[in-house]
Amino acid sequence: MQIGRVFATSFAMLRQRFWKLAGMWAVFFAIQIAGSIALGVGIVMMSLSGMESLEGLEDTTAIAGMGIGMLAMVVLFYGAYLVLVLAQQAAMVTLASPLEEPAFGPAMARGFRSALPFFVVAVLATAAYVALAVAVETATGGSESGESSAAGTVIGLVLLPVAIYLACRFSVLVPVVAVDQVYNPLAALRRSWVLTRGKVLSILLAMIALTALMAVGLGLPFVLVFSALPDGGQGAVASEGVVLLGVLLIVLLFILVTIFAAAFNAALHSEVTGGGAEALEEVFA
């Protein structure tokens with residue numbers, strides 16, 4: 001695996017398919033906004049209806065039922081949002097993959113089809129995390145003393161390399177599902193594990209380089225915003241303009257970083273599957 005080729009392919013895909021990727025981001029963003037508004041209106045209407053129904057109501061069972069209904073709406077909201085985020089990632093990685101034709105409609109369809117497997121994987125990961133947290137809590141004797149808290153910190157530090165290792169082994173899970181169309185969650189986890197065998201160090205270095213690149217790209221406008229402190233008079237007006245410019249740059253760079261992350265994930269998948277070398281001539285044509 002060649003780290004330089006991963007970044008070269010990422011930038012090539014970003015250059016060649018930028019507007020389609022930006023359009024895909026915009027479509028899912030619009031869907032998220034529309035869904036948020038619809039669910040928000042539903043929650044508000046349910047709240048108002050519940051408040052009217054509670055006037056003079058003394059039945060605690062009915063009150064509890066309304067509370068459960070509100071909780072269900074909140075869970076539905078965050079569940080739907082998670083599904084849309086997962087579908088967006090899958091669609092953008094598919095569209096950015098050098099192993100796929102840049103077709104907008106099929107990429108979006110694969111994104112929605114990939115959402116359920118990712119949701120199952122997220123549930124499994126959450127269950128594993130909770131089980132591990134309970135095991136650590138039990139092993140350290142809870143939070144009865146400072147010693148148990150220190151032991152928990154030590155265990156957490158010991159498990160950090162394990163978490164990083166697993167992140168590298170499952171780093172191509174999204175394109176495995178969306179690009180390779182492995183929709184069985186367990187089969188997708190197994191394929192990602194196989195594809196990254198012997199490549200953990202290279203993947204880790206590539207992800208560190210990506211993180212550093214993103215930190216520099218997003219950090220510059222933050223520095224611009226926080227350095228533009230109003231000093232009164234005309235300086236205040238000038239500083240406000242700089243702040244607005246900085247905020248606009250942050251938003252635009254955040255979108256760009258999101259798109260580039262999808263291109264990087266697609267390029268990484270192409271590299272670990274051996275497709276990077278085969279597709280170079282077409283990518284850079």
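This is a short group-meeting talk about one predicted protein model, from its overall fold to a few chosen residues.

Hi everyone, and thanks for coming. Please keep in mind that what we are looking at is a predicted model. Let's begin with the whole chain and then zoom in.

The protein chain has nine helices and zero strands. If you walk along the sequence, the pattern you meet is α-α-α-α-α-α-α-α-α. There are 285 residues in the chain, and 34% of them count as buried. The chain exposes about 16,000 Å², with carbon and sulfur atoms supplying 73% of that area. Now for contacts: take the ones between residues at least 6 apart in sequence, and 77% of them join residues at least 24 apart.

Let's go inside. Which residues touch the most other members of the largest nonpolar core? They are Met24, Met92, Leu173, Ile259, Phe264 and Leu268, in a core of 51 residues. Several elements give two or more residues to this core: helix H1 (3-54), helix H2 (60-96), H3, helix H5 (173-178), H6, helix H7 (200-227) and helix H8 (233-272). H8 provides the largest share, eleven residues.

Pick Leu173 from that list and look around it. Not counting residues up to four places away in sequence, Leu173 touches Phe118, Val121, Ala188, Leu189 and Ser192. Three of those names come back when we turn to helix H6, which covers residues 185-195: Ala188, Leu189 and Ser192 are among its buried residues. The others buried in H6 are Pro185, Ala187 and Leu195.

How does H6 begin? Asn184 caps its N-terminal end, with a side-chain oxygen 3.0 Å from the backbone nitrogen of Leu186. Just before that, in the loop between H5 and H6, sits Gln181. The phi angle of Gln181 is near 60 degrees, a positive value in a residue other than glycine. Is Gln181 buried, exposed or partly exposed? Its relative accessibility is 38%, so Gln181 counts as partly exposed.

For a contrast, find His269 in helix H8. His269 has a relative accessible area of 0%, so it is buried. Which residues surround it, leaving aside neighbours within four places in sequence? His269 is in contact with Leu99, Val172, Pro175, Val176, Val179, Asp180 and Leu195. You have already met Leu195 as one of the buried residues of H6.

Last stop: the surface. Leu82, Leu116, Phe119, Val120, Val123, Leu124 and Leu186 make a nonpolar surface patch of about 590 Å². Which helix gives the most to this patch? Helix H3, residues 104-139, does, with five residues.

One of the patch residues in H3 is Val120. Why does Val120 count as partly exposed? Because its relative accessibility is 32%, and partly exposed covers the range between under 20%, which is buried, and over 50%, which is exposed.

Now put Val120 beside Leu186, another member of the patch. The two are 66 residues apart in sequence, but their C-alpha atoms are 9.4 Å apart in space. Remember that the backbone nitrogen of Leu186 is also the partner of the Asn184 cap.

So here is the picture to take home. We have a predicted model with nine helices and zero strands. Inside is a nonpolar core of 51 residues, and on the surface is a nonpolar patch to which H3 gives the most. Thanks for listening, and I'm happy to take questions!

Conventions:
Residues are numbered from 1 along each chain as its sequence is written. This is a predicted model: local features need pLDDT of at least 70, side-chain atom pairs count only at pLDDT 80 or more; totals for chains, interfaces and linings use all residues. Side-chain values use heavy atoms; hydrogens and water are left out. Patches are made of residues with over 30% relative accessible area and no salt bridge: like charges are joined within 9 Å, nonpolar side chains (Val, Leu, Ile, Met, Phe, Trp, Tyr) within 5 Å. Accessible areas come from the Shrake-Rupley method with a 1.4 Å probe; for residues, only the protein chains shown count as cover. A salt bridge is a side-chain nitrogen of Lys or Arg within 4 Å of a carboxyl oxygen of Asp or Glu. Helices (H or I, at least four residues) and strands (E, at least two) are DSSP runs, numbered from the N terminus. Buried means under 20% relative accessible area, exposed over 50%, partly exposed in between (1.4 Å probe, protein chains only). A polar contact is a pair of N or O atoms within 3.5 Å; within protein, one must be able to donate a hydrogen and the other to accept it, and residues adjacent in sequence count only if both atoms are side-chain atoms. Contact means heavy atoms within 4.5 Å. A nonpolar core is a set of buried Ala, Val, Leu, Ile, Met, Phe, Trp, Tyr and Cys residues joined through side-chain atoms within 4.5 Å.
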